[in-house]
Amino acid sequence: MTDHAHDLACVREATERLLTAVAELDNASLAAPSRLPGWSRGHVLAHLARNADALVNVLEGRPMYASAEVRDADIERGAPRPLDVQLADLRESAARFQALGDAPADWSRTVELRNGVTDPASRVPFRRWAEVDLHHVDLGIGYELEDLPAEFTEREIDFLARRFAGHMDVPSTGLSAGDGRNWTTGGGADGAPVTAEGTPADLLGWLAGRRDGSGLTTDGTLPKLPPL
């Protein structure tokens, strides 16, 4: 089983990195576009706060979000808030998630996320870690994929490679970090197998939809991955 206590500690560290970086911004910076199409930096921060509460819902056996429409409305409503309000919401929602994570629980139980996706409860802290660190990158404020902890990068590559394994729209694709670490994804679609090699940051960037794969060396055309 995944070491949820370790991952909770990593979430705490990632959250502190995020809060420290965001505290250096101002209201105008929050209104500027993030790297996510159609979202300002304020949208990203509002999403992160509501995601913490949504994962509390998951761990307590409630629906992750009341509905997709409610989720989107909460983000839109929270996006234009001033910096001090955004920071307070981020801190308080993160604290609620951490407090629940620190409480005694059966971490082997199965929980339900969005769209009927299920996972062991022990995986939820890593999912939160991914939200915090990848969206920190999405803010475009100096924290890049290359700055992510090496452990996180390798585990997220493994997670995303498995997520797309056998996907009916993705041909077989072999991935290599050039140092003996290899992954395979896709395999459900017709087409010649492709191999791609690059840095862990570039591999993760392509798998996570943060980079177009131009930094990878390939022997063919990289497939277009479905949205996460």
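**Figure 1. Surroundings of S176 in strand β3 of the predicted model.** The side chain of S176 has a polar atom 3.0 Å from the backbone nitrogen of G178. S176 itself belongs to strand β3. With a relative accessibility of 15%, S176 counts as buried, because buried residues are those under 20%. Beyond its neighbours within four places in sequence, S176 is in contact with R181, N182, A196, E197, G198 and L203. One of these residues, E197, stands opposite S176 in strand β5.

**Figure 2. Pairing of strands β3 and β5.** Strand β3 covers residues 173-176 and strand β5 covers residues 194-197. The two strands run parallel and are joined by 4 bridges. T173 of this pairing stands opposite V194 in β5, while S176 stands opposite E197 in β5. As general background, strands of a sheet pair through backbone hydrogen bonds, in either a parallel or an antiparallel manner.

**Figure 3. The two faces of strand β5.** Which residues of β5 point to the buried face? V194 and A196 point to one face and are buried. T195 and E197 point to the other face and are not buried. This follows a general pattern, in which the side chains of a regular strand alternate between the two faces of the sheet. A196 also takes part in the pairing with β6, where its bridge partner is T218. Strands β5 and β6 run antiparallel and are joined by 2 bridges.

**Figure 4. The open sheet of four strands.** The 4 strands are arranged in the order β4-β3-β5-β6, and their pairing is mixed. Strands β4 (182-185) and β6 (217-218) are the edge strands, each of them pairing on one side only. The parallel pair within this sheet is illustrated by β3 and β5, and the antiparallel arrangement by β5 and β6.

**Figure 5. Helix α4 and its buried face.** Helix α4 comprises residues 68-78, and R71, I75 and G78 within this helix are buried. Viewed down the axis of α4, the buried residues fall within an arc of 75°, so they line one face of the helix. E69 and R77, on the other side of α4, are exposed. The cover over the buried residues of α4 includes helices α3 (41-59) and α5 (83-102).

**Figure 6. Environment of H135 in helix α6.** H135 is found in helix α6, which spans residues 124-138. Is H135 buried or exposed? Its relative accessible area is 8%, and H135 is therefore buried. The side chain of H135 makes a polar contact of 2.8 Å with the side chain of D138. Apart from residues up to four places away in sequence, H135 touches L36, V44, H47, L48, A130 and R210. H135 and L18 are separated by 117 residues in sequence, yet their C-alpha atoms are 9.2 Å apart in space.

**Figure 7. N115 in the loop between β1 and β2.** N115 lies in the loop that runs between strand β1 (110-112) and strand β2 (118-120). The phi angle of N115 is near 55°, a positive value in a residue other than glycine. In general, most residues other than glycine have a negative phi. N115 is exposed, and its relative accessible area is 75%.

**Figure 8. The whole protein as context for the close-up views.** The protein has 8 helices and 6 strands. From the N terminus on, these elements follow the order α-α-α-α-α-β-β-α-α-β-β-β-α-β. The C-alpha trace spans about 50 × 45 × 35 Å along its principal axes. The radius of gyration is 18 Å, which agrees with the value near 17 Å that a compact globule of 228 residues would have. Of the 228 residues, 49% are buried. Contacts between residues at least 6 apart in sequence join residues at least 24 apart in 57% of cases. The accessible surface amounts to about 10800 Å², and carbon and sulfur atoms account for 52% of this surface.

Key. Residues numbered from 1 in each chain as written. Predicted model: local features only at pLDDT ≥ 70, side-chain atom pairs only at ≥ 80, totals over all residues. Heavy atoms only, no water. Buried < 20%, exposed > 50% of the residue type's maximum accessible area, 1.4 Å probe, protein only. Arc of directions from axis to C-beta. Contact = heavy atoms within 4.5 Å. Polar contact = N/O pair within 3.5 Å; in protein donor to acceptor, adjacent residues only side chain to side chain. Rg over C-alpha atoms; globule rule 2.2 N^0.38 Å. Areas by Shrake-Rupley, 256 points an atom, 1.4 Å probe, with all protein chains shown as cover. Pairing = 2+ DSSP bridges.
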